[in-house]
Amino acid sequence: MRLGKKSGPGIIPLSKHGIHRDSLPHSARKVCEGLQQAGHSAYVVGGAVRDLLLGVTPKDFDVATDALPEQVHRLFRRSRLIGRRFKLVHVMFGSETIEVSTFRAGDSSNTDEHGRVLRDNVYGNREEDAVRRDFTINAMYYDPSNETILDFHDGLRDLRKKLVRIIGDPRARFREDPVRMLRAARFAAKLEFTIDPQTRAPIADMASLINNVPAARLFDEMLKLLLSGHAGPCVRELREAGLHHGLLPLLDVILEQPLGERFVMLALAETDQRVRDGKPVSPAFLFAALLWHEVLAAWKKEQAQGTKPVPALHLAMDAVIEMQTDKLAIPRRFTTIMKEIWVLQPRFEQRSVKRPFALLANERFRAAYDFLALRCASGECPAELADWWERFQHATPEERDVMLHPAEARERRPRRRRRSGGPAVAGGDASGEAGSKAPAAPADS
Ligand code: ATP
Ligand code: MG
């Protein structure tokens, strides 16, 4: 890595930054004190310092130290060493965990053919630790014992100017780790900052380097972005920077269709609201939404080739997930739920006597219904459909009886003669008239 020549860090006193040590949680203070009493240096670093300066409550607190991981581990009874390649220590205080990392140096001696750094596990000193960090605003070190901030790269100046500026030469730093381009977009959207023009300039050109990043790592960063509470602005930022191609290869196609864009943006806005309200969000739901219009297109294509609706839907789902997985490995625990949400969608059109009850009882009903509501809100399906299901869920048995579609009431008649012919299809949902306006077929057809 090219190091910017610096004479030393800016030392910012309390009077200039205003962060008292008691704005830190007890856990972070204890970790720093414990390390310092044992003769080490210790600082709160990264996102926590940045957020405190911005008056935002930090998500978590990271500590950087010159103590080696094993030394840190020995100092704190409730701690564990994690990571194989690069060791970190998690120190536990009740439900809080403080992540302690030993100062590291950037190491550009071991890269892939595109210049991406493969090894990031060389210990270093404080200056080296600061220079290997991504953005100036993420490279400030707060020492609770004297309440000063060490600012190695004019992070405070950039923070006041609301700038996301990479440390060092943008091209070199993005080549070393293309994920930083994604992080730039995330921080800009989340903090409502702008990406410094020099940092931004090479991004469009270098966007394809994202393709060389291991899919699992990309997924982790993408998840941080989508769950940041600012997913809508983040995706917009990614598009503007030309970065979405490599990430969600299907997203650009989707975003170019008016209905698809409405749907994705609605899903993101709803997720952001939930994150801000402190409610849990489901990454599977979100990915299901991001890829839905691609599934719809693939489904249509399969049916045009003569495949029946239900098998066609399964083929479409698998194809979309497989194509996506190359670039951004969505873990199986999520793809399973995504498929469950997708596969239930056609069943909302079946409002026959038994079918709505089977759907209501499905363990994925809630998520699938929320998904349907989004589809209706985006204009893909008539609003009447979501309204019907909203009412049906909360209706009394008598009201439900009235609500059921008359054409399907015939199904209520006992079908003794047919029973002998073989078992009915489970749940009465596999008949496959998904999306069609045709009356529902008998459950065992
Ligand atoms: P957030 O509040 O979203 O967690 P953060 O700044 O804490 O933001 P993390 O992903 O938790 O972000 O990373 C912690 C710190 O590690 C960053 O502030 C930055 O200094 C450093 N860092 C993380 N990822 C990279 C990277 N790819 N390249 C260089 N430095 C990084
Ligand atoms: Mg963090």
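This is a short talk on the fold, the cores, the ligand site and a few individual residues of one chain.

Hi everyone, and thanks for coming. One thing before we start: this is a predicted model, so please keep that in mind throughout.

Let me begin with the overall picture. The chain has 24 helices and twelve strands. Of its 445 residues, 50% are buried. If you take contacts between residues at least 6 apart in sequence, 67% of them join residues at least 24 apart.

Now to the inside. The largest nonpolar core holds 92 residues, and Val 44, Leu 226 and Trp 342 have the most contacts within it. Which helix gives this core its largest share? That is helix H16, residues 283-304, with twelve residues. Let's look around Val 44 for a moment. Beyond its neighbours within four places in sequence, Val 44 is in contact with residues including Leu 24, Ala 28 and Cys 32, then Val 49, then Phe 61, Asp 62 and Val 63, and finally Met 140, Tyr 141 and Tyr 142. There is also a second, separate core of 18 residues, with Leu 344, Val 353, Cys 376 and Leu 385 among its members.

Leu 385 takes us to helix H21, as it is one of the buried residues there. The others are Ala 386, Trp 388, Trp 389, Phe 392 and Gln 393. These buried residues cover an arc of only 155° around the axis, so they sit on the same side of H21. As a reminder, an α-helix has 3.6 residues a turn, so residues three or four places apart point the same way. What lies over that buried side? The cover includes helix H19 (355-361), helix H20 (365-377) and helix H22 (397-403). The length of H21 works out too: twelve residues, 383-394, should span 16 Å at 1.5 Å a residue, and the end C-alpha atoms are 17 Å apart, which agrees.

Helix H8, residues 179-191, makes a nice companion case. From first C-alpha to last, its 13 residues reach 18 Å, close to the 18 Å expected at 1.5 Å a residue. Is H8 enclosed or open? It is largely enclosed by the rest of the structure, because 13 of its 13 residues are buried. Right after H8 comes Glu 192, with a positive phi near 60°.

While we're on backbone angles, most residues other than glycine have a negative phi. Two loop residues on either side of helix H6 are worth a look here. Asp 154 has a positive phi near 55°, and it sits in the loop between strand S10 (148-151) and helix H6 (155-161). Lys 162, also not a glycine, has a positive phi of about 55°, and its place is the loop between H6 and strand S11 (163-164). Both count as partly exposed: Asp 154 has a relative accessible area of 32%, and Lys 162 is at 42%.

On to the ligand. Ligand 1 is surrounded by 18 residues, and the closest are Arg 50, Asp 177, Arg 180, Arg 186 and Lys 224. Two of these have polar side-chain atoms I'd like to point out. The one from Lys 224 lies 2.6 Å from an oxygen atom of ligand 1, and the one from Arg 50 is 2.8 Å from an oxygen atom of the ligand. The backbone takes part as well: a polar backbone atom of Asp 134 is 3.1 Å from a nitrogen atom of ligand 1.

Last stop: two buried polar residues in strands. Thr 102 belongs to strand S6, residues 96-102, and is buried at 4% relative accessibility. What does its side chain reach? The backbone oxygen of Ala 67, at 2.7 Å. Leaving out residues up to four places away in sequence, Thr 102 touches Thr 65, Asp 66, Ala 67, Leu 68 and Pro 69, along with Phe 86, Tyr 123 and Asp 129.

His 90 is in strand S5, residues 88-93, and it is buried too, with a relative accessible area of 14%. Its side chain makes a polar contact of 2.9 Å with the side chain of Glu 99. With the same sequence neighbours set aside, His 90 touches Arg 78, Ser 79, Arg 80 and Ile 82, as well as Thr 97, Ile 98 and Glu 99.

That's my tour. Thanks for listening, and I'm happy to chat.

Conventions: Residues numbered from 1 in each chain as written. Chains lettered and ligands numbered in written order. Predicted model: local features only at pLDDT ≥ 70, side-chain atom pairs only at ≥ 80, totals over all residues. Heavy atoms only, no water. Helix = DSSP H or I, 4+ residues; strand = E, 2+ residues; numbered from the N terminus. Expected span 1.5 Å × (residues − 1). Buried < 20%, exposed > 50% of the residue type's maximum accessible area, 1.4 Å probe, protein only. Arc of directions from axis to C-beta. Contact = heavy atoms within 4.5 Å. Core = buried A, V, L, I, M, F, W, Y, C linked by side-chain atoms within 4.5 Å. Near = heavy atom within 4 Å. Polar contact = N/O pair within 3.5 Å; in protein donor to acceptor, adjacent residues only side chain to side chain.
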